[in-house]
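Got your viewer open and a selection box ready? Let's take a walk through this fold, one pick at a time.

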Amino acid sequence: FSLIFNIQVSSIGISAVMYHVLPGGIGALEKEAPQVGRILRKLIESKDTQQLNATFKFIPRVVTGPFIVRCAVKETPVIMGQKVDQKYFHSDGYMEIDVHVDSSYAANAIIKLAHAYSVDIEVDMVWLLQATEEDSLPERLLSGARLSKVDFKKVTREMIVE
């Protein structure tokens with residue numbers, strides 16, 4: 001099973017796509033972390049955009065970077081679908097979440113600020129599933145990625161498919 005996060009920032013012409021693979025599939029996750037596996041299986045089977053928008057929780061953390069960026073990026077959990085537009089694509093073998101950062105003025109402003117300092121920044125991005133029922137607690141990390149010193153000047157418009 002693959003979980004794919006496609007972070008799209010059209011205003012600066014970038015898209016960061018992160019693939020997270022569960023080699024044993026959802027079944028292995030259900031054995032390792034039953035509450036997470038159960039919630040994820042419900043999401044894969046769901047056609048309810050409101051439920052999907054209310055479930056994926058994101059926590060950013062600037063590991064290294066200029067003071068102004070560390071101040072702008074709070075390590076505060078946020079339910080992404082309540083702050084930015086998202087689209088969902090899923091089947092038995094994968095789930096893709098397209099996150100349209102430009103749909104939020106605040107998120108877009110933070111991304112543009114960080115973009116200016118990208119070669120000096122390391123940022124951790126982690127995702128969890130929002131627990132709405134007591135039997136879903138404690139929340140556990142679903143996936144994560146670290147972006148380190150990304151040089152966006154090396155990205156050309158020809159590389160970007162619109």
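Start with the open sheet: this is a predicted model, and in it 4 strands line up in the order E4-E3-E7-E8, with antiparallel pairing. Color the edges next, which are E4 (78-79) and E8 (141-148), each with a partner on one side only. Zoom in on E4 and you'll find 2 bridges tying it to E3, again in the antiparallel sense. One to pick out is Lys57, whose bridge partner in E4 is Ile79. Now show helix H2, which packs on this sheet and touches E3, E7 and E8. Look along E7 and the direction of H2 makes about 85 degrees with it.

Stay on E7 and select Asp124, which sits in that strand. Is Asp124 buried or exposed? Asp124 counts as buried because its relative accessibility is 14%, and the cut-off for buried is under 20%. Turn on side chains and you'll see a polar contact of 2.6 Å between Asp124 and Arg146. Beyond its sequence neighbours within four places, Asp124 also has contacts that include Ile59, Pro60, Val63 and Ala145.

Next stop, strand E1 (2-9). How many of its residues are buried? The count is 8 of 8. Flip the view from face to face: Ser2, Ile4, Asn6 and Gln8 are buried on one side, and Leu3, Phe5, Ile7 and Val9 are buried on the other. In a regular strand, side chains alternate between the two faces of the sheet.

E1 has two partners to trace. With E2 it runs antiparallel over 8 bridges, and Phe5 finds its bridge partner in Met18 of E2. Follow the chain round the hairpin of E1 and E2, where 4 residues lie between the strands, and stop at Gly13 with its positive phi near 70 degrees. With E6, E1 pairs in the parallel sense over 7 bridges; here Ser2 is matched with Tyr94.

While you're on E6 (94-100), click Ile97. Leaving out residues up to four places away in sequence, Ile97 touches Leu3, Ile4, Phe5, Asn6, Phe56, Gln86, Lys87 and Tyr88.

Last, show the largest nonpolar core, which has 36 residues. Ile97 is among those with the most contacts inside it, along with Leu40, Phe56, Met95 and Leu129. Elements giving two or more residues to this core include E1, E2, H1 and E3, while H2 supplies the largest share, 5 residues.

How values were computed
Residues are numbered from 1 along each chain as its sequence is written. This is a predicted model: local features need pLDDT of at least 70, side-chain atom pairs count only at pLDDT 80 or more; totals for chains, interfaces and linings use all residues. Side-chain values use heavy atoms; hydrogens and water are left out. A nonpolar core is a set of buried Ala, Val, Leu, Ile, Met, Phe, Trp, Tyr and Cys residues joined through side-chain atoms within 4.5 Å. Buried means under 20% relative accessible area, exposed over 50%, partly exposed in between (1.4 Å probe, protein chains only). Contact means heavy atoms within 4.5 Å. Two strands pair if DSSP finds at least two bridges between them. Axes are lines fitted to C-alpha atoms, for helices over the stretch in contact, and angles run from 0 to 180 degrees between N-to-C directions. A polar contact is a pair of N or O atoms within 3.5 Å; within protein, one must be able to donate a hydrogen and the other to accept it, and residues adjacent in sequence count only if both atoms are side-chain atoms.
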